[in-house]
Every structure is written in C-alpha cells, then in structure tokens.
Amino acid sequence: MNNNKREIEENTKDSKNVGKLFFFIVIGFFVLVILRFFYVSNFHHANGVNLRQKVEQLYAKRTEVKAKRGTIYDANKQVIAEDTTTYSVYVVLSKQARTYDGKPAYLKDSDKDKAAKVLSENLGASYSQIRKTLSPKDPNIYQVELGSEGKNISLETKKRIEAANISGIEFTPSQARLYPNGTFASHLIGIAESENNKLVGIMGLEKQYNKDLSGKNGVKSEQTDGQGTKLPWTSSVAKKVKNGDNIYTTLDSHLQNYLENLLTKAQETYKPKSINAVLMNAKTGEIIAASQRPTFNAQTKVGINSAWTNNLTESTYEPGSCMKIFLMAAAINSGIYNPNATFESGKYNIDGAYVYDWKRSGWGTLTYRQAFIRSSNVGMAHLEQQMGAKRWLRYLKSFGFLKAVNSPGLGNEAKGYIGYEYPIDQANTAYGQSIDVTVMQMMQGLTAIANNGTMVQPRFIKKIVDPNSGKTVYKSKKKVVGHPITASTAKQVRSMMQDVITDKDGTGQAYKIDGYDIGVKTGTAQIANSTGSGYLTGEKNYIFSVAGIAPLNDPKYVLYITMQQPETFGSEGSATKMLATIFNPMMKQTLQDDTTGENDSSTNKVPNVEGLSVETAQKELQKTNADVIVCGNGVKIDKQSVAEGQTVLSGSKIILVTNGTKTIPDLTGWSRNDVKTLADMLGIKVHFDGSGFVKSQSISANTVVKKDQQLNIALQ
C-alpha cells in the first residue's frame, strides 16, 4: 500500500516536471518567434536575404519613355519628315478569344462578309482575297494577318475600320516616319524605318544624322504594392527623355516641288536612264532644290529598290562641254587667252591622235571666243596645250575637282578620276572627257564663276536645334573654299556664257528667258561602252547637260541639269530644247520668286482681316503677294488661316472663311497641310489617300459643305 502511494507520488512529480519543461519550451519558442519577427520587421533580412529589396523587385514598376525622333524641316519651317504612328491589322478567328467580361473577341462567321467588305475598301485590297484569308482551311488558327496591305496604315484608316464596329479586328501600333511630300529630294533627305520598334535612318540625312535625330529614351521607375500603390519608403527614380534634334534644311518646298514635277514630266516624256538637277544660291552655297531620276516616294517606298544611289554625290560621269567653262576661266586667268587669236576648227592632231569638233567639218577659222560660243572641242584643246598640262591640272584641283566636297549631310561622296598620262588625254579633259566628276563638284566650281572668283561650299543643312532646350546646337555658315580665279576672269566667262544664248551661232539659244539676263553652257558628253575601249554611238547615247547662272548683272543662282540617254527628244526634236523644258521654267520661277520678294519676309506680314468685308480683306492681303482663297458666300470674313503678324512667302495660301454658307474651292495641286487647314476651318472631316499634292477631291469645287461632312482627297 505504501509502495503504491510512493509510486503515485513519483509519477505525479515526473508529470509536473514534464509539464514545466513543455511550458518553458513553448514559452521559449514564442520568445524566439517574437524576437525573429522583431528582427525581420526592423532589419528586413532573413536567411541572408534582403526582404525589402525582394519586395521592391517584385513590385518594381519601370516604364521606358520613348524619345521622339527629330523633325526635318525645309528652309521655311515646313515639315519634310516627322514621327507618326502606323498600325497593322490582324483578325482574331479563334472562338476561345473572349473579353474580360466573357463577350466574344473574335470575328463571327456571320460578320465575315461585312469584314471583308470594310477591310477591302479601306486597305485597297481584293475583297475575294481578304474573304479567303478570313476563312482558313485550318480551323485551329488563332488569328490571321492581311499581308502588306494591312501594314503601316494611317490613324485615319484605322478609325474608319473601327467605325464598322466588327469584333475580332484588332490593330498593332508601331512607330513610323511620315514624309508628307512623298517624292521630295528623296535621296538627300533619305528614309528611316522601324527596327525593333525603333526608327533607324538607313539613307540620306536620316542616316547621316541618325544619332542626333534619335534622341535618348527616358525611364520612369518606382516601387508599388500588389494594388499598384506606391510603397511609402521608396522614392521615384526617373531618367528624363531627350527628344531628338530637329534639322532645318536649306530646301525651299515651293521650288523643290516645282522641280520634282518638272523632272517627273521629263522622265515620262523622254524616258532617259537618269536625270540630275540642282538649284543653288551661289552667294551662300545653300542648295535650294535638288533631285534625280530615277527616284522614289519616301512615304510609300515605291521605286526605292531601283534607286538606292545618290547620283548627286556618289556617281561620277564625264561632264562634257560644261567643263569648257573652267578651261576658259583657267586660260583667261593664266594670261594665255587672246580673244582675237584664231585657230582652224574641225580637227586637231596631237601626237598622232585627233581631237574632233562635234561638227566634224568644223566652221573654218575661229577666234577662241567663238570657240566657246560654238562649243568647239578643238579650240579648247588648243588652249589646254598652250597652258600646259601641269598648270591646267592645278586649276582643275583649285576648282575642287578630284576631291570630295565634304559638305555636312551630303553623305558618301565620290572623288572623281582623271586620265592624264598622255597629251591626248590631257587635251580631252579640256572639253570634259577623260575626267570624271560629281554633280556637287560641278556646283561648287560654278560658284567661283558666279561669285567673281570666290568659290563656296554647297550646303544642305541650315541649322540643328535641340527641342528640349530650344538651343541651336549647330548653325551652318557660308564657307569659302577657294579663290581659283579673279573677278575680272569670272566676268569675262559670264559674258561668254551670255553669248551662248544671244549670239546667232550660240549653242544655247533655246535657254533664252524673256526679261532676264542669263548665261549658260551646254554639254554633250560621250559615254564609254561596256568594254571600256571607246564610246557608245548614236545620237541619244550621250549625257546631255546645261549649266546656267542668273541674273548676270548680280549673279545669285546656279542651275545645273544632266540627262543621260533619253529614248526620244520628243516634240522638241533636239537635246538642247529637251533640257530647256526643265531649265527654263525652273530658272524663271526662281527669278520671279526672287523679284517678288519671296525671301524678304518683312514685306509679307499678314494683317488682321477678320470682320472686314470680303473685298477689303482681299485688297489688304494683296500686299503679301499670297494666294488668297475665299471660302463661303458671306459678306464678311469670319476666319483667316494665317494669324495677324505672321509672315508668308509669296505664292503661299491664305484661306479666308466668310460668315455665310461655307463652300469648298478647287483643291487641285494643294498640299496636304493646306487641305487639312481648310478642313479644320470649315469643320469638316478629311481623308487622304496617297502622298504628294491633291489630284482629285470627292466634293466638287464651289459646293456648299456642312459640318462634319467627309472630304476624300487623292494625292499624287
């Protein structure tokens, strides 16, 4: 009994000890948990891991802010190239596609006919082809694309498709470049295309200044919780976006577009292998207009596969008789030229090799002045021989030949070539054979003739502006690159160039422009055959050219045109008259613009005409030399497109809207920007197809329009 009692007491004691031990273990565990919690909550570390950093990483929100690519402008701040957004269409077909609230997000079978109709009308694609694409043989295809027609569509086109309200038609946005003028100095401006959703310049100015135009993307970074609320102990970190620099060129849009139209017409009429044309301000070196054929439309890319080379800088050719300008200048400047000295024309024997005139029988005995007027190869060869090969070569180099022009923005340049080993080769260079040049080298050399001996570098960029600060980071200046001849020499050469037009025996009589004193030199250069041993034969297998300077009393403009191997001379019947269809209207338009003060903006300030009668407003605006367009049948002016105090160029449009019913004018030849301005003023919608200038309009001229009415414009 006592033994049993003792055992019970011992067991009870053991139980109490175990209970105490368990109690202290539990208390210790909780103490450790509390201490651990305290440590983690205060020091944000566990097992060597920074918990705060992990949370921040988990909910870090990092957004890249895209930089805007710089805009390229003409000399008058008109846009040549700018950023835009284009869209690609795709159509979801899978019936598994649903919206967040369970509604169908695919193209229903019952909507396929309607979808094909809407897409074909807005994308310019075949209805049957799109309808076929929307019904693929494989029923498991999730979505389909619509080929090239469904890519790079405009915002306007996207909105029209969306207006049909068809489920399953979706769009993918992408950064793109807008070239509103289409074909516009395309090789000089170049193009930028999207690579990995970033615009990259691949040609022309877009490529040469890609880094400046691109800018630098910004970054916005912050930490949030699961609901997107910013964590209180964190701070936002941002790297400011730097938009690309804006580039202002020396091009005049008015004259550039005029030149493009002239070259297109010439290409269609004469079908040459190539045409090059450059208009430059000889006093400053600014390139006012420049283009070539073949070319391409920078917006649509039509023609680009056959026109990658910039012929104005990268291609070399024998310049033919236009080189006689520089030979005559060298002969006069070196003192060997005697206007009364004579020679026998027709042919000239140099060490057993012959130089021939273009008229093989010649013109008998000529003076050297007559040699220039009649474009005698023999006369120029005589002068070269008298001058000596070394001295003539020095003059060629002093005029800038055989080396790159090196003007910023012009890109890759050829240096040219000369064959100068034998006396006959040396003589040939006097009239533009055995020497290869570039168009820009010719332009640079011609400035010495126009500027009384001072030669200036051609330039294409006027200035570069940082849009982030508004500061001008680069500004081009007139750059004198040499003084190869004296002022007296330059004046004598210009006088001879005038005789080429005015003399009864001159080769350039077709280039006469009534009311203006102009000097020219024509050229007809042979083309080497594919074997390299001799030249092509046939009356059209030449590079025909003309170099002109005007006005002669105070030279300012140089216009140089070349045309290679036309298939026909057309109704003009000769190469000279053929080139005159480009040269004459281009030079005349340039001189007219200059005479009317196109570049003197101080005389073209726009007054406020709102509230005035239509007649009074028109009289007031006549002082600006602008093209005033009145829209409406009211008696007073309600709106004007150009604000008071702004300046306009002669010939540019000022649109006036009256207080009466609104009418639409004839828009043929209008620019996209002018049409958009008109549409905004009239309160109507406008849709553009194509690029360039207005070819046709859906609302006839003088028709009354209503607010929100749709105007469809075809550009070309």
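**Salt bridges and a one-sided helix**

Glu615 and Lys619 sit 4 residues apart in helix 18 (residues 614-622), so about one helical turn separates them. In this predicted model, the two side chains form a salt bridge, with 3.7 Å between the closest N and O atoms. Both partners are out in the open: Glu615 is exposed at a relative accessible area of 54%, and Lys619 is exposed too, at 51%.

Helix 19 (residues 672-682) has a pair with that kind of spacing, Asp680 and Lys676, which lie 4 residues apart, or about one turn of the helix. Their side chains meet in a salt bridge at 3.6 Å, N to O. Here Asp680 counts as exposed, with a relative accessible area of 52%, while Lys676 is partly exposed at 44%; the label changes because the cut-off for exposed is over 50%.

Not every pair stays within one helix. Arg131 and Asp113 are joined by a salt bridge at 2.6 Å, N to O. This one links distant parts of the chain, with Arg131 in helix 4 (residues 127-133) and Asp113 in helix 3, 18 residues apart. Both ends are partly exposed, Arg131 with a relative accessible area of 23% and Asp113 with 45%. Elsewhere, Arg69, Asp83, Arg177 and Glu206 are tied together in a network of salt bridges. Over the whole structure, the tally comes to 21 salt bridges. As background, side chains of opposite charge can pair when their charged atoms come close.

Helix 5 (residues 155-162) tells a story about burial instead. Its buried residues are Thr157, Lys158 and Ile161. These residues lie on the same side of helix 5, because the arc they cover around the axis is only 100°. As for what they pack against, the buried residues of helix 5 meet strand 5 (79-92), helix 3 (112-123), strand 7 (169-178) and strand 32 (685-689). Helix 3 thus turns up twice, as a packing partner of helix 5 and as the home of Asp113.

On the cysteine side, the structure holds 0 disulfides. Cys322 is buried, at a relative accessible area of 0%, and Cys631 is likewise buried at 0%.

As for confidence, the mean pLDDT of the chain is 88, and 87% of its residues reach 70 or more. Residues 598-603 are a weak spot, with pLDDT below 50, although this stretch still has 11 contacts in the model beyond near neighbours in sequence.

How values were computed
Residues are numbered from 1 along each chain as its sequence is written. This is a predicted model: local features need pLDDT of at least 70, side-chain atom pairs count only at pLDDT 80 or more; totals for chains, interfaces and linings use all residues. Side-chain values use heavy atoms; hydrogens and water are left out. pLDDT is the predictor's confidence in each residue, from 0 to 100. Contact means heavy atoms within 4.5 Å. A disulfide is a pair of cysteine sulfur atoms within 2.5 Å. Buried means under 20% relative accessible area, exposed over 50%, partly exposed in between (1.4 Å probe, protein chains only). Helices (H or I, at least four residues) and strands (E, at least two) are DSSP runs, numbered from the N terminus. The arc is that of the directions from the helix axis to the C-beta atoms. A salt bridge is a side-chain nitrogen of Lys or Arg within 4 Å of a carboxyl oxygen of Asp or Glu.
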